[in-house]
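You asked for a short note on this structure. The points go from the whole chain to single residues.

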Amino acid sequence: MSVEIQLCNDCKTETVYFHAGTLRSYLEKEPYAEHKLRKLKASQWVSFCPECHADVLKPEGKNFDLPVFCSDGVFRTSTDLLKNQAGEPEAIWDFWGLRFTPAALINASELLQFTYPGTEEVEQLGKKLRTGASDEFLRFSEEVCGWGGGLRVWGGLMKRHHDKAEFSKKIKDWLCSAMTAENAEAAIEQGTAIKGLGVSFASKHLRMFDPEKFCVLDDVLSKGLGIALYPKGYQLFLSLLQAFNDEKSLKWPMARLESALFMLVRQQVRS
Ligand SMILES: [Zn+2]
């Protein structure tokens with residue numbers, strides 16, 4: 001994955017790129033965003049000049065800079081670019097071929113929380129189920145599917161494959177036994193054994209049930225990182241996340257690390 005080196009017409013600074021689809025999903029939450037940016041095609045890169053578009057790359061009143069893609073294949077923030085100009089040494093992290101600065105990863109995580117504000121509510125419900133404070137496994141499953149853009153998956157589960165009460169019990173049995181499963185592969189396999197659930201939506205259930213321990217592996221992450229969308233791939237992905245978390249002393253929940261990587265890798269997959 002690479003982009004061309006391009007210079008700003010006005011100030012001749014090298015431009016950086018942000019993906020239009022990701023930009024749009026973020027701008028939908030921004031009532032005053034420039035209209036022309038909203039109309040972009042979802043599959044293109046948009047170039048920005050770090051000098052002339054500084055206000056876009058570091059939005060006022062937000063706790064994040066946009067993690068932008070540079071022509072050398074590294075995601076950075078505008079603060080990283082300023083530090084580079086000042087000649088400060090730079091750390092570049094590599095996750096299974098995806099390259100970014102620590103700030104780009106942290107800001108991707110913040111940007112994701114801003115773009116998907118409903119995440120916490122589903123996590124809260126998952127926590128209630130996990131701790132036995134609620135027994136609404138059916139509602140949980142519906143919310144997980146809604147959150148993951150899988151209303152069709154949900155429709156299929158309900159219309160074609162399962163009776164509601166039976167399905168609710170299956171989900172409960174699975175998630176409760178996943179907590180003590182031997183490994184991630186076993187945990188996800190029990191989920192994909194439920195008719196209508198593949199790795200993508202089974203992993204979304206696990207991630208919302210226990211975000212410390214589990215993550216999502218969907219089509220975007222699978223394509224972007226080259227990790228197979230199978231139980232063995234899920235096992236590999238979680239081992240890589242855990243190793244990265246330890247190596248960089250991040251101490252992040254697995255779900256947070258995965259979602260920040262998702263925010264970066266998605267830009268490449270959809271271009
Ligand atoms: Zn410029």
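The numbered points below describe a predicted model.

1. Overall make-up. The chain is built from 14 helices and 6 strands. Its C-alpha atoms occupy a box of roughly 65 × 40 × 30 Å along the principal axes. The radius of gyration is 20 Å, and a compact globule of 271 residues would have one near 18 Å, so the two values agree.

2. Burial and contacts. Of the 271 residues in the chain, 51% are buried. Among contacts with a separation of 6 or more, 62% are between residues 24 or more positions apart.

3. Surface and charge. About 13,300 Å² of the chain is exposed, and carbon and sulfur atoms supply 50% of that area. The charged side chains come to 34 positive and 36 negative. The centres of these two sets lie 5 Å apart.

4. Backbone at Lys12 and Ser249. Most residues other than glycine have a negative phi. Lys12, which is not a glycine, has a positive phi of about 65°. Lys12 sits in the segment before strand 1 (16–19), and with a relative accessible area of 53% Lys12 is exposed. Ser249 likewise has a positive phi, near 50°. The location of Ser249 is the loop between helix 13 (231–247) and helix 14 (254–269). The relative accessibility of Ser249 is 53%, over the 50% cut-off, so Ser249 counts as exposed.

5. Aromatic pairs. The chain has 11 aromatic pairs. One of them joins Trp154 and Phe167: the ring centres are 6.0 Å apart and the planes meet at 70°, so the pair is edge-to-face. The angle decides the label here, because planes over 60 degrees apart count as edge-to-face. The pair connects distant parts of the chain, with Trp154 in helix 8 (residues 151–161) and Phe167 in helix 9 (residues 164–178), 13 residues apart. Both residues of the pair, Trp154 and Phe167, are buried. Elsewhere, ring pairs join Trp93, Phe95, Phe100, Phe237 and Phe244 into a cluster.

6. Helix 8. Which residues of helix 8 are buried? They are Trp154, Gly155, Gly156, Leu157 and Met158, so named because each is under 20% relative accessible area. The cover over the buried residues of helix 8 includes helix 7 and helix 9. Helix 9 also holds Phe167, the ring partner of Trp154.

7. Lys169. This residue also belongs to helix 9. Is Lys169 buried or exposed? Its relative accessibility is 51%, so Lys169 counts as exposed. Between the C-alpha atoms of Lys169 and Asp135 the distance is 9.8 Å, although the two are 34 residues apart along the chain.

8. Thr77. The loop between strand 4 (74–76) and helix 4 (78–85) contains Thr77. Thr77 counts as buried because its relative accessibility is 1%. Which residues does Thr77 contact, leaving aside neighbours within four places in sequence? The partners are Asp65, Leu66, Thr101, Ala103, Ala104 and Asn107.

9. Thr131. This residue lies in the loop between helix 6 (119–130) and helix 7 (137–147). Its relative accessibility is 53%, and Thr131 therefore counts as exposed. From Thr131 to Glu90 the C-alpha to C-alpha distance is 43 Å, with their places 41 residues apart in sequence.

10. Gly61. The loop between helix 3 (54–57) and strand 3 (68–69) holds Gly61. Gly61 is exposed, with a relative accessible area of 80%. Gly61 and Arg76 are 15 residues apart along the chain, and their C-alpha atoms are separated by 20 Å.

Methods
Residues are numbered from 1 along each chain as its sequence is written. Side-chain values use heavy atoms; hydrogens and water are left out. Helices (H or I, at least four residues) and strands (E, at least two) are DSSP runs, numbered from the N terminus. The radius of gyration is taken over C-alpha atoms; the globule rule is 2.2 Å times the number of residues to the power 0.38. Buried means under 20% relative accessible area, exposed over 50%, partly exposed in between (1.4 Å probe, protein chains only). Contact means heavy atoms within 4.5 Å. Accessible areas come from the Shrake-Rupley method with a 1.4 Å probe; for residues, only the protein chains shown count as cover. Lys and Arg count as positive and Asp and Glu as negative; His and the chain ends are not counted. The place of a charge is taken as NZ of Lys, CZ of Arg, CG of Asp or CD of Glu. Rings of Phe, Tyr and Trp (its six-membered ring) pair if their centres lie within 6.5 Å; planes under 30 degrees apart count as stacked, over 60 as edge-to-face and the rest as tilted.
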